[in-house]
Amino acid sequence: MILSTCKKVFQSHWLLSCGVILFFIATIAFTLLPPLLFAKIIDLLSTKQNIAFLLIFSYFVFFLLESISTSIRDSLLIILSQKLTHALRSEMMHHFMNLDTNTITKQSPGAITSRIIQDVDTLEELFSSGIISMIADACTLISILVVLFQKASLAFYLLLLLLPVVFLFTRFTQKQMLKSEIQNRKAIADANAILPDTINNLLMIQNLQAQPFMEDAYDQTIEQSYQALQKTNFYDAIYSPIILIINALTIVILILIATNPEFTIFSMSAGNAVMCMQYISKVFGPIESIGMEIQTIQSSIAGIHRIQDFFTSEEKQAFQPVSNIQTTNPIISIQHLYFSYDTKEVLHDYNLEIHSGEQVTIQGRTGAGKSTLFKLILGLYKPDFGTIKVFNHDPFTFSPSIRRSIYGYVEQSFHPVRGTVKEQVSLFDPDITENQIIHVYQIVGLWDTIQCFDQQLDTKYNDDLFSQGQKQLIAIARAIVLDPPLLLLDEITADLDTSTEQQVLLAIQNAMKDRTVISISHRTSAITGKVIELQ
């Protein structure tokens, strides 16, 4: 998925991609030319010959062009990498929205957030200052070796002996830093999961004096991240000094051999000696840069592993091509249904039929499977064995548009979205009209309250705008705005006081007209229609 996304970006921004390649090649060429011109200048000076102004001017021009081409290349890389990360985040969000419900429940919000934000950020660094720069440095290195083979064989053979040692040292450092980066990523994901839980449950933690436990849990994850970073920083700190020492020793050995009369085969002119020094610095410069980029690259590789794991998560099955839903009897048919969470069986050989217009209340002990049954009817879970039909179709394969037109689902707690009072009901669906929204707000008894707001439906929603009971009324309005034939109510009065409960029950009575209604409730006051006990 990562490769296919990159391919799409390269194809859609082919001009930008070509610009990166062009300046990539130009940077290598302009890196090679200045030392050759400088060698020529030194040789002319050593033989007391006149130096043409054009030669000196060319040296400085190519030296300047090297810096300019590198700068333009890096700027284009940043733009391209931003487009890549934007496309990748869009693909990840699309994949997340299509995940199987079982898969979603097994992943913590902190881990998902870490992958979509932090891991993708590391990929941007990989393209802008990581692997592309390493490829450029590798190409520069090979080009320099080719020139040295032709101009100064001694420098070529010295580098040929030293580069395998440097490569092995680099590879060792690379492996150690990758291991540390993966440990750091895991620790960050754990910390991201603990922090929101702590914030959301702060009142309970304070009341039960559980602060030390939560603090210790958070401190342990931070300490694991800190220890992993310490290892990464250690290898990063020792790499550059060692490379610089090898660079200096290589130049010293080169000068000693070249000036020794016993090694006339390796003698060279002053210009070639200076050229070799410049090229050696240019060889170890990229290698040093590679060392500086190792942390970025290894962090990115760790991010790629985590992103790829995310993309391998199981998606829902293909949506069933249902053009319309016709009323059938029974509306819901469950035959010999089995369902379990891992090894814990929740529903065993369960059978149920609900007919059009029926009002049913499901009761049972905690853990009997009431909410699980709702999720199976909604098509969020797939049964292990047995069949479940809603309007004579498998609900697990309903498309989002069909699902929205069939079900009205109200949960125990209201979940707001970032937007206006209107958008709490429309959920940004442009096909839902303002008249539809006003109508359902009138049904649940909230329209008079909303009319008192300065901007009415266009008022920005915040938690202080409505009471707990009014939030449940918004949830009911959201569920019935598309006039679904099937309404599911999951303990929607459980958190309300008696007076507020009566207001919500009145709204439910208005919303239940001409619909099939299934509810879960422990309160006798909220029981509607036939009662089904779930053992």
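This is a walk through one protein structure, from its overall make-up to a few details of its backbone.

The structure is a predicted model, in which local features need pLDDT of at least 70 and side-chain atom pairs count only at pLDDT 80 or more, while totals for chains, interfaces and linings use all residues. Residues are numbered from 1 along each chain as its sequence is written, and side-chain values use heavy atoms, with hydrogens and water left out.

Let us begin with the whole protein. It has 17 helices and 8 strands; helices (H or I, at least four residues) and strands (E, at least two) are DSSP runs, numbered from the N terminus. Of its 535 residues, 46% count as buried, where buried means under 20% relative accessible area, exposed means over 50%, and partly exposed lies in between, with a 1.4 Å probe and protein chains only. Contact here means heavy atoms within 4.5 Å. Among contacts between residues at least 6 apart in sequence, 77% join residues at least 24 apart.

Now to the sheets. Strands of a sheet pair through backbone hydrogen bonds, either parallel or antiparallel. Two strands count as paired if DSSP finds at least two bridges between them. One open sheet has 3 strands in the order β2-β1-β4, with antiparallel pairing. Its edge strands are β2 (344–354) and β4 (385–390), each pairing on one side only. From one strand to the next, the twist averages 25 degrees; angles run from 0 to 180 degrees between N-to-C directions, and axes are lines fitted to C-alpha atoms, for helices over the stretch in contact.

Look more closely at β1 (residues 332–341), which is joined to β2 by 7 bridges in an antiparallel arrangement. Leu 337 has Tyr 350 of β2 as its bridge partner, and Ser 340 stands opposite Glu 345 in β2. The hairpin of β1 and β2 has 2 residues between the strands, and Asp 342 takes a positive phi near 55 degrees in this hairpin.

Another open sheet is built from 5 strands in the order β5-β6-β7-β3-β8, and here the pairing is parallel. At its edges are β5 (407–410) and β8 (530–534), each of which pairs on one side only. Neighbouring strands of this sheet are turned by 20 degrees against each other on average, direction ignored. As an example of the pairing, 4 bridges join β5 to β6 (residues 486–490), and these strands run parallel. Tyr 409 has its bridge partner in β6, namely Leu 488. Helix α16 packs on this sheet, touching β5 and β6, and its direction makes about 170 degrees with that of β5.

A helix worth finding next is α11 (residues 370–377), which lies across β1, β2 and β4 and runs at about 120 degrees to β1. Helix α11 also lies across β3 (359–364), β5, β6, β7 (516–520) and β8, running at about 150 degrees to β7. Because 6 of its 8 residues are buried, α11 is largely enclosed by the rest of the structure. Among the buried residues of α11 are Lys 370, Leu 373 and Phe 374. Just after this helix, Gly 379 takes a positive phi of about 80 degrees.

Helices also pack on each other. Helix α14 (residues 434–443) and helix α16 (residues 468–480) pack at an angle of about 130 degrees, with their axes 9 Å apart. That angle makes α14 oblique to α16, since angles under 35 degrees count as roughly parallel, over 145 as roughly antiparallel, 65 to 115 as roughly perpendicular and the rest as oblique. The contact is made by Val 440, Tyr 441 and Ile 443 of α14 together with Ile 474, Ala 477 and Ile 480 of α16.

Finally, visit two loops. Phe 391 has a positive phi of about 55 degrees although it is not a glycine. Phe 391 is placed in the loop between β4 and α12 (400–406), and counts as buried because its relative accessibility is 4%. Gln 456, also not a glycine, has a positive phi of about 50 degrees. Gln 456 is found in the loop between α15 (447–451) and α16, and counts as partly exposed because its relative accessibility is 32%.
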